[in-house]
Amino acid sequence: MSNTVSFGYEEIAREDKTARVGGVFSSVAGSYDLMNDAMSGGLHRVWKDVFVRRVKPRAGEAILDMAGGTGDIAFRMAESGAAITVADINPDMLAVGIDRAARQGIDGLVWTEANAEQLQFPDRFFDAYTIAFGIRNVTDIPAALREAHRVLRRGGRFFCLEFSTTLWPGFSDIYDAYSHHLVPKLGKLLANDADSYRYLIESIRRFPDMPAFERMIGEAGFVQTRVEPMLGGLVAIHSGWKI
């Protein structure tokens, strides 16, 4: 295992990444929706709706929404009647989610601080594990995937929504120009923080492509792995089952 990992386009010591990423999300927590709108042109709302429809949460299920601090995915699943635990390594993101839930009158969610690489939950505890736009920020992605597999019951399902690499000819060039040049400027304008937005765009470029990430999910123990690309793969829903 390498002693360095990517932090956007920068290579840093492995032990420093968690704190550096934490600083980014503490900085953008209060403008998280604006951040996602800037990075996706507002389409993240549609992608999250599709994602939750694929998860198919059901009453009586226990679901872990990892890296779900601000509640976007959990709020969409709450009406199903499932017991949802929202976990995030960043307390500032959780604080935003708890406040949003109170303002929207959404009760019954469990909020907890947790590291995706070392979950405090027992084996075979959840029926489903979701993570949306969070896995690329984890220092040790294979460890996080193994933990996801560990805490799922037999027959449990894993769903991940993440930016990827579009395969549409020409579109990737357009999005690269938009994301690398315009998004940091929007970050400066909307949140007075260009650097955090720049990291988030760069982290997308350093994330494994769809086939590579699907292999990683399989290597963690999941079967019947599947990838559903959207916008030609600009974003993708990855899924797998534990048997």
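Let's start with the aromatic rings: this predicted model holds 11 aromatic pairs, counting rings whose centres lie within 6.5 Å. A good one to look up is the pair made by Phe-51 and Phe-159, which sits edge-to-face, with 6.4 Å from centre to centre and 80° between the planes. Which parts of the chain does this pair link? Phe-51 belongs to helix α3 (residues 44-55), while Phe-159 belongs to strand β7 (residues 152-163), so the two are distant parts of the chain, 108 residues apart. Both Phe-51 and Phe-159 are buried.

Now try Phe-125 and Phe-126. Their ring centres are 4.9 Å apart and their planes meet at 80°, so this pair is edge-to-face; the cut-off for that label is an angle over 60 degrees. Are the two rings' residues buried or exposed? Phe-126 has a relative accessibility of 1%, so it counts as buried. Phe-125 comes out at 36% relative accessible area, so it is partly exposed.

Rings can also join up in a group: ring pairs link Trp-47, Phe-133 and Phe-163 into a cluster.

Let's move on to the backbone. Arg-124 isn't a glycine, yet it has a positive phi of about 50°. You'll find Arg-124 in the loop between β5 (110-113) and β6 (126-132).

Where else can you look for a positive phi in a residue other than glycine? Go to Lys-56, with phi near 55°. Lys-56 has its place in the loop between α3 and β3 (62-66). Its relative accessible area is 51%, and exposed means over 50%, so Lys-56 counts as exposed.

Notes:
Residues numbered from 1 in each chain as written. Predicted model: local features only at pLDDT ≥ 70, side-chain atom pairs only at ≥ 80, totals over all residues. Heavy atoms only, no water. Phe/Tyr/Trp six-rings, centres within 6.5 Å; stacked < 30°, edge-to-face > 60°. Helix = DSSP H or I, 4+ residues; strand = E, 2+ residues; numbered from the N terminus. Buried < 20%, exposed > 50% of the residue type's maximum accessible area, 1.4 Å probe, protein only.
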